[in-house]
Amino acid sequence: MDKTVPKPSNSVITILKCLLCSYILTGLALLLLALFVYKLDLDDGKVKVGITIIYIAASFMGGFILGKLKKENKFIWGAICGAIYFVILALVSFAVNRSVGSDGIGFFTVLVMCVSGGTFGGMVS
């Protein structure tokens, strides 16, 4: 009797690779933002704008790479990548803060930004 473990589908591995690229970009960009906060003493408004730009850029990058790799239905694959990026982001935020945010509007806004960024990345790939 064959007891081999089934291999994950190629799409799952491809999405995970794209998400890894997105989170590497997120980590590096957040480190750079932290350096700017330290050196330039940025206020909360500027930090929030920086974080928003980082979310959009990272989900765009993931959608762009996934669109290049998939070649068909690029915008859908980009949207999927952006949505999964957001889900992981929300789960980590919930694990750290024990809440999803101070209001549902901000939560929904970040969801739309991540999915839109991924969709746009897939479209231009």
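## The loop between H1 and H2

Asp41 sits in the loop that joins H1 to helix H2 (44-70). In this predicted model, its phi is positive, about 50°, although Asp41 is not a glycine. Most residues other than glycine have a negative phi. Asp41 is exposed, with a relative accessible area of 68%.

## Other positive phi values

Lys71 belongs to the loop between H2 and H3. Its phi is also positive, at about 65°, and Lys71 is not a glycine. Lys71 is exposed, with a relative accessible area of 61%.

Arg98 follows H3. The phi of Arg98 is positive too, near 60°.

## Overall fold

The protein has four helices and zero strands. From the N terminus on, the order of elements is α-α-α-α. Of the 125 residues, 27% count as buried. The accessible surface comes to about 8,300 Å². Carbon and sulfur atoms hold 72% of that surface.

How much of the contact set with a separation of 6 or more comes from residues 24 or more positions apart? The share is 79%.

## Helix H1: Thr14

Helix H1 covers residues 10-40, and Thr14 is part of it. Is Thr14 buried or exposed? Thr14 is buried, with a relative accessible area of 11%. Neighbours within four places in sequence aside, Thr14 is in contact with Leu66, Leu69 and Lys70. Helix H2 spans 44-70, so these three partners of Thr14 fall within H2.

## Helix H3: length and buried residues

H3 has 24 residues. At 1.5 Å a residue, H3 should span 34 Å. The end C-alpha atoms of H3 are 34 Å apart, so the model agrees with the expected span.

Which residues of H3 are buried? They are Gly78, Cys81, Gly82, Tyr85, Phe86, Leu89 and Ala90. An α-helix has 3.6 residues a turn, so residues three or four places apart point the same way. That spacing can be followed along the buried set, including Gly78, Gly82, Tyr85 and Leu89.

## Helix H3: Lys74

Lys74 lies in helix H3. Lys74 is partly exposed, with a relative accessible area of 25%. Not counting residues up to four places away in sequence, Lys74 touches Gly67, Gly122 and Ser125. One of these partners is far off in sequence: Lys74 and Ser125 are 51 residues apart. In space, their C-alpha atoms are 7.5 Å apart.

## Cysteines

How many disulfides does the structure hold? The count is zero. A disulfide is a covalent bond between the sulfur atoms of two cysteines. The cysteine sulfur closest to that of Cys81 is in Cys18, 5.5 Å away. The cut-off for a disulfide is 2.5 Å, so the Cys81 and Cys18 sulfurs are too far apart for a bond.

Cys81 is buried, with a relative accessible area of 1%. Cys114 is also buried, at 0% relative accessibility.

## Helix H4: Gly118

Gly118 is found in helix H4. Gly118 is buried, with a relative accessible area of 0%. Which residues does Gly118 touch, not counting those up to four places away in sequence? Its contacts are Ser59, Phe60, Gly63, Gly78, Ala79 and Gly82. Among them, Gly78 and Gly82 are also in the buried set of H3.

Ser59 is 59 residues from Gly118 in sequence. The C-alpha atoms of Gly118 and Ser59 are 4.7 Å apart in space.

## Nonpolar surface patch

Six residues, Phe75, Ile76, Ile80, Phe120, Met123 and Val124, form a nonpolar patch on the surface. Together they have about 550 Å² of accessible area. Helix H3 (74-97) and helix H4 (104-124) are the elements that give two or more residues to the patch.

Ile80 is one of the patch residues and is found in helix H3. Ile80 is partly exposed, with a relative accessible area of 32%. The patch cut-off is over 30% relative accessible area, so Ile80 passes at 32%.

Technical notes:
Residues are numbered from 1 along each chain as its sequence is written. This is a predicted model: local features need pLDDT of at least 70, side-chain atom pairs count only at pLDDT 80 or more; totals for chains, interfaces and linings use all residues. Side-chain values use heavy atoms; hydrogens and water are left out. Patches are made of residues with over 30% relative accessible area and no salt bridge: like charges are joined within 9 Å, nonpolar side chains (Val, Leu, Ile, Met, Phe, Trp, Tyr) within 5 Å. Accessible areas come from the Shrake-Rupley method with a 1.4 Å probe; for residues, only the protein chains shown count as cover. A salt bridge is a side-chain nitrogen of Lys or Arg within 4 Å of a carboxyl oxygen of Asp or Glu. Buried means under 20% relative accessible area, exposed over 50%, partly exposed in between (1.4 Å probe, protein chains only). The expected span of a helix is 1.5 Å times one less than its number of residues. Contact means heavy atoms within 4.5 Å.
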